[in-house]
Amino acid sequence: MGRILIAGTASLLICVFLSPKFISWLRAREFGQHIREEGPEGHHAKSGTPTMGGIIVVLALSAPFLILTGYGPEAMGVFGTAILCGLLGYADDYTKIIKRRSLGLRARTKLIVTVLISLGLWWVATQEAGLPNTLRLRVVDYQIDLGLFYPVVIYLVVAGTTSGVNLTDGLDGLAAGCAAIVLLAFVGITFITTGQRDLALFAACGVGACVGFLWFNSFPANIFMGDTGSLALGGALGTIAVAVKHEIVLAIVGGLFVVETLSVIVQVVSFKLTGKRIFKMAPIHHHFEQLGWSEPQVVVRFWIIAFVLALIGLSTLKLR
């Protein structure tokens, strides 16, 4: 436990002390965020705020983890997937900055890369870590042997978490705070219930990096994490769930990310089928902004919801 606490604290301090110089470096090169024209009107003032802060998050997470880990296959599979997802996000961020617009890589490119990352994770999980091709339903204490369909489930988990965190990253501090809460839950899951201390170490480093980043990303944000950070954190969450065979629990613990994703899907489907919108704006955090909630109100209240969902998810671990 001491090693885990030291790693988390080290990640936090690295993020806090390196971020000011990194922000200045980004400003000097005009690596600023481009805000979508169809986004909330009040967000247009954020245009030009330094982005790609996820680079600092990944560095702060990686350094203590690589120094203190035992380099087991599960832990390195999780770490490698998070890094690859972060690199995909970096390519997307860099494309946005170069083209000076809010659109990045093509959807087809992201899909292909995510599929390849998921297949790599499946190979490591089954061949190196020896995990079975099963999906565990903890509430009813039952396992489903998925066989050749297991890689599809892994893809859905990785794609779902990366998309969920990415969609949630629309308000100052929202994604970083929610990710910290979910990662903290997985510190408990991996350390207390499964005994996988290297995975607990990784999750703790993620918590520390997110909290340290919040020092500069809280409202009004001095830096955004960009796709570099949101995809890396999403990949980390999804991969940890796969490594500990808690894919279903992730849907509860990370329920806020699920809601954010579903709100976009429902909005798009409803508009295409009926021409009407269910929400004033999607993702759902913008809906509450349009209802008159201030940005800090939305963020803090969503943090509370994320915390409650994390507790609910953790409670299912006691069921047999």
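**Two cysteines and a helix pair**

C15 is buried, its relative accessible area coming out at 0%. This is a predicted model, and the first thing to look at in it is cysteine pairing. The sulfur of C15 has its closest cysteine sulfur in C210, at 8.2 Å. A disulfide needs the two sulfur atoms within 2.5 Å, so the C15 sulfur is too far from that of C210 for a bond. Seen from the other end, the picture holds: for C210, the closest cysteine sulfur is the one in C15, and at 8.2 Å it is likewise too far off to bond. C210 is buried as well, with a relative accessible area of 1%. Searching the whole structure turns up zero disulfides.

Next comes the packing of two helices, α2 (residues 54-68) and α3 (residues 73-99). Their axes sit 11 Å apart and make an angle of about 160 degrees. Since an angle over 145 degrees counts as roughly antiparallel, that is what α2 is relative to α3. As for handedness, the crossing of α2 and α3 is left-handed.

Which residues make the contact between the two helices? On the α2 side they are I55, V58, L61, S62, F65 and L66, while α3 brings in A75, M76, F79, I83 and Y90. Sorted by character, the residues in this contact of α2 with α3 come to 10 nonpolar and one polar, with no charged residue in the set. The polar one is S62 of α2.

Notes. Residues numbered from 1 in each chain as written. Predicted model: local features only at pLDDT ≥ 70, side-chain atom pairs only at ≥ 80, totals over all residues. Heavy atoms only, no water. Axes fitted to C-alpha atoms, helices over the stretch in contact; angles between N-to-C directions. Helix = DSSP H or I, 4+ residues; strand = E, 2+ residues; numbered from the N terminus. Parallel < 35°, antiparallel > 145°, perpendicular 65-115°, else oblique. Left-handed = near helix turned anticlockwise from the far one by under 90°. Contact = heavy atoms within 4.5 Å. Buried < 20%, exposed > 50% of the residue type's maximum accessible area, 1.4 Å probe, protein only.
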